[in-house]
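Grab your viewer and work through a few exercises. Each one has a task, then a solution you can follow step by step.

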Amino acid sequence: LTDEQREEFDTYIRRYQTPMEETFRYAYNTYIRGYRAADRIIFNTYGDEQKALIKEFYATTTTLERKQELREVMFGGSKLVAGYESKIADARKAMRIASPTLDFYLYVFGYITKPATPQAEAMVNKWEADRSSVLINPE
């Protein structure tokens, strides 16, 4: 599509969008998408062999017995799957601490149950006092 056609298409698609849907789209595109991409970014730091094992671990067809075997696989002096999960958790926590607004939106849209920073907690408390408000920018 040309830029003009894309704009017309987007306008048509969003003609019945509610303010909350608009807020979610803004928050997701601006903040949450990067947070959710952390696992893919970290995944790409591994070699092909390690990636194959991680994919196998998370595959729905992998048996519990095989998952336990994969949990014991060592890589670089530590367990591969545990190291991968730890790196994701650390990266996401660092992102939440660096951006209280991200932390706020993660809470509002149900990705987390408790904010990680006092700033995000203050935004949450303000929002909780009047949930009928639709916030594009909580700050």
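**Exercise 1. The Arg/Asp network**

Task: Find the acidic partner of arginine 14 and work out which residues are joined with it into one salt-bridge network.

Solution. Keep in mind that you're looking at a predicted model.

- Step 1: Arginine 14 makes a salt bridge with aspartate 10, and the closest N and O atoms are 3.9 Å apart. That fits the 4 Å cut-off for a salt bridge.
- Step 2: Now look at arginine 6, whose side chain also meets aspartate 10 in a salt bridge, at 3.4 Å from N to O.
- Step 3: Arginine 6 and aspartate 10 are about one helical turn apart, because they sit four residues from each other in helix H1 (residues 3-13).
- Step 4: Check the exposure. Arginine 14 has 31% relative accessibility and counts as partly exposed; arginine 6, at 44%, is partly exposed too.
- Step 5: Elsewhere, lysine 114 bridges to glutamate 121, with the closest N and O atoms 4.0 Å apart. Lysine 114 is exposed at 52% relative accessibility, while glutamate 121 is partly exposed at 33%.
- Step 6: Put the shared partners together: Arg6, Asp10 and Arg14 form one network. The structure holds nine salt bridges.

**Exercise 2. Rings around tyrosine 84**

Task: Classify the ring pairs that phenylalanine 43 and tyrosine 46 make with tyrosine 84, and say which parts of the chain they link.

Solution.

- Step 1: There are 14 aromatic pairs in the structure. In one of them, the ring centres of phenylalanine 43 and tyrosine 84 are 6.3 Å apart and the planes stand at 75°, so this pair is edge-to-face.
- Step 2: Place the two residues. Phenylalanine 43 belongs to helix H3 (residues 38-43) and tyrosine 84 to helix H6 (residues 80-98), so the pair ties together parts 41 residues apart in sequence.
- Step 3: Phenylalanine 43 and tyrosine 84 are both buried.
- Step 4: Tyrosine 46 and tyrosine 84 also pair edge-to-face, with 5.9 Å from centre to centre and 70° between the planes.
- Step 5: This pair links distant parts of the chain as well: tyrosine 46 is in the loop between H3 and helix H4 (48-58), and tyrosine 84 in helix H6 is 38 residues away.
- Step 6: Compare the accessibility with the 20% limit for buried. Tyrosine 46 counts as buried at 7%, and so does tyrosine 84, with a relative accessible area of 6%.

**Exercise 3. Helix H7 and its surroundings**

Task: How many residues of helix H7 (residues 100-108) are buried, and what do they pack against?

Solution.

- Step 1: Go through the helix: nine of the nine residues in H7 are buried. Among them are Leu102, Asp103, Phe104 and Tyr107.
- Step 2: Look at the packing partners. The buried H7 residues pack against helix H2 (19-36), H6 and helix H8 (118-129).
- Step 3: Follow the rings. Phe104, Tyr105 and Tyr107 belong to a cluster linked by ring pairs, whose members also include Phe24, Tyr26, Tyr28, Tyr31, Phe109 and Trp127.
- Step 4: After H7 comes glycine 110, with a positive phi near 80°.

**Exercise 4. Charges over rings**

Task: Which rings have the charged ends of arginine 15 and arginine 92 sitting over them?

Solution.

- Step 1: Arginine 15 puts its charged end over the ring of tyrosine 12, 3.8 Å from the ring centre.
- Step 2: Arginine 92 does this over tyrosine 35, at 5.1 Å from the ring centre.

**Exercise 5. The whole chain**

Task: What does the radius of gyration say about how spread out the protein chain is?

Solution.

- Step 1: Start with the fold: the protein chain has eight helices and two strands, in the order α-α-α-α-α-β-β-α-α-α.
- Step 2: The radius of gyration is 20 Å, well over the 14 Å from the globule rule for 139 residues, so the protein chain is more spread out than a compact globule.
- Step 3: For the extents, the C-alpha atoms fill a box of roughly 50 × 45 × 25 Å along the principal axes.
- Step 4: Finish with burial and surface. Buried residues make up 28% of the 139 residues, and the chain exposes about 9,400 Å², with carbon and sulfur atoms supplying 53% of it.

Note on methods:
Residues are numbered from 1 along each chain as its sequence is written. Side-chain values use heavy atoms; hydrogens and water are left out. Rings of Phe, Tyr and Trp (its six-membered ring) pair if their centres lie within 6.5 Å; planes under 30 degrees apart count as stacked, over 60 as edge-to-face and the rest as tilted. Buried means under 20% relative accessible area, exposed over 50%, partly exposed in between (1.4 Å probe, protein chains only). A charge sits over a ring if NZ of Lys or CZ of Arg is within 6 Å of the ring centre and within 35 degrees of the ring normal. Contact means heavy atoms within 4.5 Å. The radius of gyration is taken over C-alpha atoms; the globule rule is 2.2 Å times the number of residues to the power 0.38. Accessible areas come from the Shrake-Rupley method with a 1.4 Å probe; for residues, only the protein chains shown count as cover.
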